[in-house]
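Here are a few short exercises to work through with the model open beside you. Try each task before reading its solution.

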Amino acid sequence: MSKRCSSSTSTQGHGVVLCKHNVACVVNTSSTEMNPGRQFYGCRYWKNEKKTCGFFRWVHWMVDEVDEETSTIGSSQLKLEDNLRIAESKAERRKKENRILVEELSRLMKTQEVMLAEGRRLAHDIRLIRYHFTVVVVVNFILLVLLWQHLVM
């Protein structure tokens, strides 16, 4: 439910009014400052932005026929209020998504720092292994030369 109105599926003795879908409208009660407590017919699908036909008519239409322009303005205002509410809801969801993404990015950056430190440690270990391997090869070569000289003599 929006802050603006509450919905009721009954026509409350006012007769059946069909929207542009040719479906019985629901009777809603306005809670806007301009029309507090005033009832109006609205499209049954008014909550579904993509499906609604935007139908709007005050319940006491005969009184309002003279004020048809105001009704259209009121309908436009209702649509604008709905659009604003939807936009605010989307903005709030985006803020939550952004907070989650910032937290995830922070976690990934910390993981990257740990991995870079680990990479530097592994590179150092590889250099040590290469050095020890080279020393072992040189020592073995020297021992082989000495052994060969000993056997030749």
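**Exercise 1. Write down the order of helices and strands along the protein chain.**

Solution. Start by counting elements: this predicted model has two helices and four strands in the protein chain. Next, read along the sequence, and the pattern comes out as β-β-β-β-α-α.

**Exercise 2. Describe the protein chain by its burial, its surface and its contacts.**

Solution. Begin with burial: of the 153 residues in the protein chain, 19% are buried. Then turn to the accessible surface, which comes to about 12000 Å²; carbon and sulfur atoms account for 62% of that surface. Finally, take the contacts between residues at least 6 apart in sequence: 38% of these join residues at least 24 apart.

**Exercise 3. Find the span that UniProt lists as "transmembrane region" and give its secondary structure in the model.**

Solution. The record, an unreviewed entry, lists residues 128–148 under that name. In the model, the span 128–148 is 100% helix and 0% strand. To finish, check the ends: the C-alpha atoms of the end residues lie 30 Å apart.

**Exercise 4. Count the aromatic pairs, then classify the one formed by F40 and W58.**

Solution. A pair of aromatic rings is described by the distance of the centres and the angle of the planes. With ring centres required to lie within 6.5 Å, the count comes to three aromatic pairs. For F40 and W58, the centres are 5.9 Å apart and the planes make an angle of 85°. Planes over 60 degrees apart count as edge-to-face, so F40 and W58 form an edge-to-face pair. Now place the two partners: F40 belongs to strand 3 (residues 39–42) and W58 to strand 4 (residues 56–58). They are 18 residues apart, and the pair links distant parts of the chain. Both F40 and W58 are buried.

**Exercise 5. Which residues form one aromatic cluster with W58?**

Solution. Look at F56 and W58, another edge-to-face pair, with 5.0 Å centre to centre and 80° between the planes. F56 is buried, as is W58. Put this pair together with F40, and you have one aromatic cluster of F40, F56 and W58.

**Exercise 6. Which charged residues lie over the faces of W58 and Y45?**

Solution. Take W58 to begin with: R38 lies over its face, at 4.0 Å from the ring centre. Then move to Y45, where K51 lies over the face at 4.1 Å from the ring centre.

How values were computed: Residues numbered from 1 in each chain as written. Predicted model: local features only at pLDDT ≥ 70, side-chain atom pairs only at ≥ 80, totals over all residues. Heavy atoms only, no water. Buried < 20%, exposed > 50% of the residue type's maximum accessible area, 1.4 Å probe, protein only. Contact = heavy atoms within 4.5 Å. Areas by Shrake-Rupley, 256 points an atom, 1.4 Å probe, with all protein chains shown as cover. UniProt positions renumbered as here; feature names shortened; annotations may be inferred. Phe/Tyr/Trp six-rings, centres within 6.5 Å; stacked < 30°, edge-to-face > 60°. Lys NZ or Arg CZ within 6 Å of the ring centre and 35° of its normal.
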